[in-house]
Amino acid sequence: PSWSPVYGEACPEDLRDLYKFCKEMAIRFKGRVHAWEPWNEGNCSGFGGMTIDELVNLQKAAYLGFKAGEPETVVCWNAYSGGFDELHIMGTFKNEAWSYFDTYNAHTYGCIEGYNSKFDLLRRAACGKPIWITEAERGDIDGIGPGPWYDLDIEHESLRAEFMAQSYATAIYSGVNRHFFFILGSFSSYPRLLRLDFTPRAGYTALAAVGRFMAGAKPIGRIYEEYEQSEKCHVYAFEAEPDGVKSDVLVGWAEDRCGWESRGNAVVDWPITEQLEVRAIYDYLGRYIGTEIPVQLIGKPIFIILEPGQVDKVTWERQDHFAERADKPYNVMMQLKMPKSTTVNGGELWTSVAEHVIAPDVPRAIDIWAYNFG
């Protein structure tokens with residue numbers, strides 16, 4: 001539509017246009033598109049540089065439009081980039097936005113070591129609803145080959161594959177309901193999970209292993225230890241159904257750094273002293289490696305399939321979650337209408353926080369628009 005970022009804007013001036021557009025899209029794609037993100041990274045200048053009140057207004061009008069077209073469709077929060085922060089969360093609360101999304105969506109390109117603490121903001125803002133990470137990566141690795149193939153050397157091919165289990169296990173423990181890696185197909189000069197001709201890279205095989213061994217995974221807890229050398233021990237416990245069989249599943253590895261250039265070098269001792277009944281152990285690519293738990297963990301994750309109830313022998317660090325708030329969406333909403341000239345980006349991150357800024361102590365007319373979508 002004419003108000004998309006292609007034309008320099010982010011959201012139509014009149015929210016009725018957004019409402020009608022979303023309603024028609026829900027009708028047109030009923031049964032084919034099951035979930036909608038009304039916008040992408042609207043907090044970034046390249047995608048509109050919107051303030052939190054503008055993002056909430058967009059969300060409310062889009063939600064009401066999609067639901068008017070298809071009441072059963074899933075309407076997601078318009079996903080932030082990785083720069084979500086306290087101000088955004090406060091804005092969702094003050095604008096009572098939790099009644100206008102079915103899932104709370106965000107993107108992350110951060111280190112997995114920071115997932116749990118950083119996702120505390122998401123757990124709060126989600127108000128008890130499912131959290132979806134609809135873009136997840138850890139920085140880009142340039143390909144070494146010529147375009148359009150952009151293949152990786154074997155070292156970085158392996159590191160990218162190892163990252164899959166690390167990212168999924170950490171995210172699910174941290175409260176994420178669905179976790180989408182960015183991206184399946186070939187994208188720009190950065191090697192992804194499939195090559196240009198759709199043949200799989202190692203990361204695709206690693207993702208298949210995650211899907212096999214963590215099927216239906218529900219988090220139980222973790223052991224996360226940090227040593228003087230900055231080496232970190234990660235063991236995550238889940239109830240899951242690998243190969244369709246109810247089991248306890250452990251995912252474990254060691255890591256010491258965030259950047260690709262220094263990953264894969266950590267070695268730590270296996271932290272669990274209790275005797276566990278092991279069905280099978282597989283490596284990060286899904287290859288069977290026996291039933292004997294290794295005495296040490298390295299950067300390459302392993303999946304340990306246990307008999308049900310075995311994790312009860314171990315003391316785990318557990319992550320609390322928030323109860324769901326009661327929904328009450330309204331058809332009537334109000335919109336602060338500030339000129340784009342008053343929007344100023346602040347902060348040091350690429351995903352800077354946009355604010356409305358006007359001169360203090362200078363009288364100024366402020367427009368507020370009211371809508372009835374009933």
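1. Start at the β10–β11 hairpin of this predicted model: Ile281 sits opposite Gly290 in β11. The two strands run antiparallel and are held by 2 bridges. The hairpin leaves 4 residues between the strands, and Gly286 there has a positive phi near 90 degrees. Have a look at that glycine when you go through the turn.

2. On to the other partner of β10. With β13, β10 makes 5 bridges, again antiparallel. If you want a residue pair to find your place, Asp283 has Ile302 of β13 as its bridge partner. Strand β13 (residues 302–306) is also joined to β8 (residues 247–255), by 5 bridges and in the antiparallel sense. There, Asp248 has Leu306 of β13 as its bridge partner.

3. Now the whole sheet. What is the strand order? It reads β6-β7-β8-β13-β10-β11, an open sheet of 6 strands with antiparallel pairing. Why is one side of β6 and of β11 left without a neighbour in the sheet? Both β6 (218–226) and β11 (288–290) stand at the edges with a single partner strand each, so one side stays unpaired. From one strand to the next, the twist averages 25 degrees.

4. Two helices go with that sheet. Helix α6 (residues 154–173) packs on it through contacts with β6, β7 (232–240), β8 and β13, and its direction makes about 120 degrees with that of β8. Helix α7 (residues 202–213) lies across β7, β8, β10 (278–283) and β13, and runs at about 15 degrees to β13.

5. There is also an open sheet of 3 strands, ordered β3-β4-β5, and here the pairing is parallel. Its edge strands, β3 (104–108) and β5 (176–181), each pair on one side only. Ignoring direction, neighbouring strands are turned by 20 degrees against each other on average. Between β4 (residues 131–136) and β5 there are 4 bridges in the parallel sense, and Ala136 stands opposite Phe181 in β5.

6. Helix α6 turns up here as well. It packs on the 3-stranded sheet, touching β4 and β5, with its direction at about 160 degrees to that of β5. So that you don't miss it: α6 also touches β6, β7, β8 and β13 of the other sheet.

7. Which elements supply at least two residues each to the lining of the largest pocket? They are α6, β5 and α7. The most comes from β5, with 4 residues. The space in this pocket is about 450 Å³. Its lining takes in 22 residues, and Ile131, Gly175, Val176, Asn177 and Arg178 lie nearest the centre. By class, the lining divides into 13 nonpolar, 6 polar and 3 charged residues.

8. Last, the α1–α2 pair. Helix α1 (residues 15–28) and helix α2 (residues 52–69) have axes that come within 7 Å and cross at roughly 35 degrees. The crossing is right-handed. On the α1 side the contact includes Leu15, Leu18, Tyr19 and Cys22, and on the α2 side, among others, Leu58, Ala61, Ala62 and Phe66. Which class of residue dominates by count? The contact has 13 nonpolar residues, against 3 polar and 1 charged. Lys23 of α1 is one of the residues in this contact.

Notes
Residues numbered from 1 in each chain as written. Predicted model: local features only at pLDDT ≥ 70, side-chain atom pairs only at ≥ 80, totals over all residues. Heavy atoms only, no water. Pairing = 2+ DSSP bridges. Axes fitted to C-alpha atoms, helices over the stretch in contact; angles between N-to-C directions. Contact = heavy atoms within 4.5 Å. Left-handed = near helix turned anticlockwise from the far one by under 90°. Nonpolar A, V, L, I, M, F, W, Y, C, P; charged D, E, K, R; others polar. 1 Å grid on protein atoms, 1.4 Å probe; cavity = no way out; pocket = protein on both sides within 12 Å on 5 of 7 lines; lining within 4 Å. Points joined across faces, edges and corners; volume = space filled by probe spheres on them.
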